[in-house]
Amino acid sequence: MSGAGPACKRSCGPSGSGGTLARVLIATLICSDEDCAQEHDLVADDLDALDAAACACGCTLVVLTISDWSPAELPLLV
Ligand SMILES: [Zn+2]
């Protein structure tokens with residue numbers, strides 16, 4: 001069979017509604033200065049924000065790990 005399936009008329013369009021999910025990233029970064037080596041846990045909504053992050057000592061941070069974090073599934077930590 002060929003041709004577009006009519007079943008997908010609205011629900012799977014490319015410009016669907018509700019695209020603003022509150023998805024965030026949790027990243028663990030470490031200072032690039034070996035004498036500092038301070039680890040930072042940052043929460044950001046995109047990678048650009050992580051890219052702009054810097055250690056308090058003025059050195060750049062290197063990303064160690066990044067994980068997706070959905071606030072809806074956030075366990076109660078406190
Ligand atoms: Zn540092």
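How many helices and strands are there in the protein? The predicted model holds one helix and three strands. From the N terminus on, these elements follow the order β-β-α-β. The chain has 78 residues, of which 5% count as buried. Among contacts with a separation of 6 or more, 50% link residues 24 or more positions apart.

The strands assemble into an open sheet. Their order in the sheet is β2-β1-β3, and the pairing is antiparallel. The edges are taken by β2 (39–44) and β3 (61–69). Each of these has a single partner strand, so one side of each is left without a neighbour in the sheet. On average, neighbouring strands are turned by 20 degrees against each other, direction ignored. In general, the strands of a sheet pair through backbone hydrogen bonds, in either a parallel or an antiparallel sense.

Strand β1 spans residues 24–31. Six bridges connect β1 with β2, in the antiparallel sense. Two pairs of residues illustrate this pairing. I26 faces V43 of β2 across the sheet. L29 is placed opposite H40, also in β2. The pairing of β1 with β3 is likewise antiparallel and comprises eight bridges. Here C31 has L61 of β3 as its bridge partner.

Is strand β2 largely buried or in the open? Of its six residues, the number buried is zero, so β2 lies largely in the open. A residue needs 20 or more other C-beta atoms within 10 Å of its own to count as buried, and none of the six residues of β2 is classed as buried. This strand is also an edge strand, with a single partner.

Helix α1 covers residues 47–51 and includes L47. Is L47 buried or exposed? L47 counts as exposed, because it has 12 C-beta neighbours inside 10 Å, and the exposed class takes in residues with 12 or fewer. L47 and L25 are separated by 22 residues in sequence. In space, their C-alpha atoms are 8.0 Å apart.

Taken together, the model shows an antiparallel sheet of three strands and one helix. Strand β1 pairs with β2 over six bridges and with β3 over eight.

How values were computed:
Residues are numbered from 1 along each chain as its sequence is written. This is a predicted model: local features need pLDDT of at least 70, side-chain atom pairs count only at pLDDT 80 or more; totals for chains, interfaces and linings use all residues. Helices (H or I, at least four residues) and strands (E, at least two) are DSSP runs, numbered from the N terminus. Two strands pair if DSSP finds at least two bridges between them. Axes are lines fitted to C-alpha atoms, for helices over the stretch in contact, and angles run from 0 to 180 degrees between N-to-C directions. Two residues are in contact if their C-beta atoms, placed from the backbone, lie within 7 Å.
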